[in-house]
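User: I'm new to this one and would like to know where the labels come from. Could you take me through the reasoning step by step?

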Amino acid sequence: MAFRASCPQLLRREDKSGLIDPRSWQRVCDLAATWPNADAGRFFIQHFETAQLRDGRAFATGYFEPSIAGSRTPLPGYDTPVYAMPDDLVRSWPKDMPQSERTGRPPLGRIDANGEYHLYYERGQIEGGALAGRGLEIAWVKDPIEFFFLQIQGSGMLVDPQGRIMRIGYAGQNGREYVGIGRVLADRGLIGGDTGYATSMQGIVQFLRDHPDQGREIMRLNKSWIFFTELTTGPKGALGVEVTAGNTVAADPEAMPLGAPVWLDLDRDVADGLWIAQDTGGAIKGPNRFDTFWGNGERAAQIAGGMSGRGQAYLLLPRGTLDSLGIR
């Protein structure tokens, strides 16, 4: 049961959404520890109540664990590096920022030799070699377009020419702006309609392959860059537990408690049902915005790449907690 796996983190994490005291999960987590998986439906019916945040109108996309050609060592044709977290990526306030504006966490950036703060290198600069020669490479991949989408997914499998697999997962981000290139392509009239390119991940990839120079410029509009670490298990979400196909959904932790169950009723029936909020994402903002996880393989890629579902979302919370929230 995915909810059971989330309980250790659910009980000790601060709830950034402010909706519920983490201690309120204790009773249902104690019950989940011994509850039979085959009877999970009754567990949620008996011990949870539902609420809708705002109007409950949900929008869900999909993500998956891609498998792409990669190698631990540089090989001919494997030219795109996979970088580990650099040690000069820090959180700091620019010296010229007034104290009155320094709220929340300091932004990510780097400090130069003179002690001055700068935004961290963006995608184009990193692709141009800003991090080369520092020993940060943990692997090299063959196809930069496939790696671009692996970065968006946040984890994946690298398969070398001998069929050996190296799993990599999210270690950090450069702090620069995330831009969804699908929206850019659609707004420019380059995909959708009668362009010959579908408004799906598969259509976007085909456009990038057919127009390499223009595609490179468009990909660099997404200044965000993801750093990776090698995984010894399956991919983990932001909650710190392994994500599972058909069970894990990414949500906005500022709007919804990470670890909470969510019921989705969408116009994409394949995504209907119970999910556990175990992950986050740069584009996942707001109380009813979700990203559903579909695992790995061709079927997962097809479902995730075409997932764009709208409908209703219902947050499940332990019985007896909703009266104090005023969100029925």
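Analyst: Let's go through some salt bridges, a small sheet and the nonpolar cores, keeping in mind that this is a predicted model.

User: Why is the pair R23 and D21 called a salt bridge?

Analyst: The cut-off is a Lys or Arg side-chain nitrogen within 4 Å of an Asp or Glu carboxyl oxygen. For R23 and D21 the closest N and O atoms are 2.6 Å apart, so the pair qualifies.

User: And what makes R23 exposed or buried?

Analyst: Exposed means over 50% relative accessible area. R23 has 66%, so it counts as exposed. Its partner D21 has 32%. That value falls between the 20% and 50% limits, so D21 is partly exposed.

User: How do you know that R42 and D39 form a salt bridge?

Analyst: Same reasoning: their closest N and O atoms are 2.6 Å apart, and the limit is 4 Å. As for accessibility, R42 is at 40% and D39 is at 24%, so each one counts as partly exposed.

User: What makes E122 and R176 a salt bridge?

Analyst: The closest N and O atoms of E122 and R176 are 3.6 Å apart, and the rule asks for within 4 Å, so this pair passes too. The two sit in distant parts of the chain, 54 residues apart: E122 is in the loop between strand 7 and helix 4, and R176 is in the loop between strand 10 and helix 6. Both residues are buried. They also belong to a network of salt bridges with E177 and K223. By this rule the count for the model comes to 17 salt bridges.

User: Why are strand 5 and strand 7 said to stand at the edges?

Analyst: The open sheet has 3 strands in the order 5-6-7, with antiparallel pairing. Strand 5 (90-91) and strand 7 (117-118) each have a single partner strand, so one side of each has no neighbour in the sheet.

User: How do you know that strand 5 pairs with strand 6?

Analyst: Pairing needs at least two bridges. There are 2 bridges between strand 5 and strand 6 (residues 108-111), so the condition is met. In one of the bridges, V90 has G109 in strand 6 as its partner.

User: Which residues have the most contacts inside the largest nonpolar core?

Analyst: They are F3, W25, F149 and F290, in a core of 61 residues. Helix 7 (residues 201-210) gives the largest share, 5 residues. Apart from this core lies another, of 21 residues, including F147 and F227.

Definitions and conventions. Residues are numbered from 1 along each chain as its sequence is written. This is a predicted model: local features need pLDDT of at least 70, side-chain atom pairs count only at pLDDT 80 or more; totals for chains, interfaces and linings use all residues. Side-chain values use heavy atoms; hydrogens and water are left out. A nonpolar core is a set of buried Ala, Val, Leu, Ile, Met, Phe, Trp, Tyr and Cys residues joined through side-chain atoms within 4.5 Å. Buried means under 20% relative accessible area, exposed over 50%, partly exposed in between (1.4 Å probe, protein chains only). Helices (H or I, at least four residues) and strands (E, at least two) are DSSP runs, numbered from the N terminus.
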